[in-house]
Amino acid sequence: MKPIRIALTKGRLERDTVSLFERIGYDCGELKQKGRRLILPIPDAGLEAVLAKAADVITYVQHGVCDIGVVGKDTIMEYGGSFFEVVDLGFGKCRFALAGPVGKDFYDGYHRRVIATKYPNVASRFFAEKGMDVSIVKIEGSVELAPLLGLSDAIVDIVETGSTLKENGLAVIEEVAPVSARMIVNEASLKLRQQEIEKLIGQIEETVGKQEERI
Ligand code: PRP
């Protein structure tokens, strides 16, 4: 039988997924010794792991070349797509927040605010819901620089520990949305390989549930 292909977001979510799989009892030896390989078997689970950038996880799952994906809710909120979001994996927890320079009232005055972000869709929706007309500037990384350099009034970004904001004289103005890693499934795969995928979802839910009971 063809293995079920699971796309993992390279980096922290990949490592957290490997430890989740090890708690379930899967042998992730190959994944842990991957070198530069991008497709790795998890033979005892009947899985094949594919290592990809976050937005590409969604692309591969949506096109059906991967059956399942592990990706952050931040990426799902920004890119959307048609797939089933089946499990909140409980790791990769952080939040989207609106943040700006400490001591400056973001809402003071009437000028059109400039917002820098890696997530223009998330930021646009947030301000549209407020009925506030802002100008969005897309930044690729270290978004905190934009208000420090005078490019923007504020940022919409991921905040985890809050250290990056604090060490750069910025603070959260408002929470936008909580974020954590999610498991997504291709719509056709869920129908065609229902039993195998539901078994995997069951094992994951049971293990994630046990973890949360301990916290
Ligand atoms: C993320 C995010 C913040 C930082 C938040 O950046 O964009 O800059 O982490 O984490 P903290 O609250 O724990 O300080 P990342 O490290 O992914 O780099 P990037 O901004 O260059 O994408």
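This tutorial dialogue reads a predicted model, feature by feature.

User: Before we begin, what do local features need in this predicted model?

Analyst: Local features need pLDDT of at least 70 and side-chain atom pairs count only at pLDDT 80 or more, while totals for chains, interfaces and linings use all residues. Residues are numbered from 1 along each chain as its sequence is written, and side-chain values use heavy atoms, with hydrogens and water left out.

User: How many helices and strands does the secondary structure of the protein come to?

Analyst: Helices (H or I, at least four residues) and strands (E, at least two) are DSSP runs numbered from the N terminus. In this protein there are nine helices and eleven strands, and the C-alpha atoms fill a box of roughly 65 × 35 × 30 Å along the principal axes.

User: How should I read burial, and what percentage of the residues is buried?

Analyst: Buried means under 20% relative accessible area, exposed over 50%, and partly exposed in between, with a 1.4 Å probe and protein chains only. Of the 215 residues in the protein, 43% are buried. L98, in strand 6 (residues 94-101), counts as buried because its relative accessibility is 0%, whereas L149, in helix 6 (residues 145-149), is exposed at 67%.

User: Which residues are around the ligand?

Analyst: A residue is near a molecule if one of its heavy atoms lies within 4 Å of it. Here the residues around the ligand are K118, G141, S142, E144, D157, I158, V159, E160, T161, G162, S163 and T164. With Ala, Val, Leu, Ile, Met, Phe, Trp, Tyr, Cys and Pro counted as nonpolar, Asp, Glu, Lys and Arg as charged, and the others, Gly among them, as polar, this shell divides into two nonpolar, six polar and four charged residues.

User: Which polar atoms lie by the oxygen atoms of the ligand, and at what distances?

Analyst: A polar contact is a pair of N or O atoms within 3.5 Å; within protein, one must be able to donate a hydrogen and the other to accept it, and residues adjacent in sequence count only if both atoms are side-chain atoms. A backbone N or O atom of E160 lies 2.8 Å from a ligand oxygen, a polar backbone atom of G162 is 2.7 Å from a ligand oxygen, and a polar side-chain atom of T164 lies 2.4 Å from a ligand oxygen. Strand 9 (154-159) and helix 7 (163-167) are the elements that give two or more residues to the shell, and strand 9 gives the most, with three.

User: How many salt bridges are there, and which parts does the pair K34 and E14 tie together?

Analyst: In general, side chains of opposite charge can pair when their charged atoms come close. A salt bridge is a side-chain nitrogen of Lys or Arg within 4 Å of a carboxyl oxygen of Asp or Glu, and the whole structure holds 14 of them. K34 and E14 meet in one at 2.9 Å, N to O; K34 lies in the loop between helix 2 (29-32) and strand 2 (39-42) and E14 in helix 1 (residues 12-24), so the pair ties together parts that are 20 residues apart in sequence. E14 counts as buried at 6% relative accessibility, whereas K34 is partly exposed at 26%.

User: What is the phi of S142, and where is this residue?

Analyst: Most residues other than glycine have a negative phi. The phi of S142 is near 45°, a positive value in a residue other than glycine, and S142 sits in the loop between strand 8 (135-138) and helix 6.
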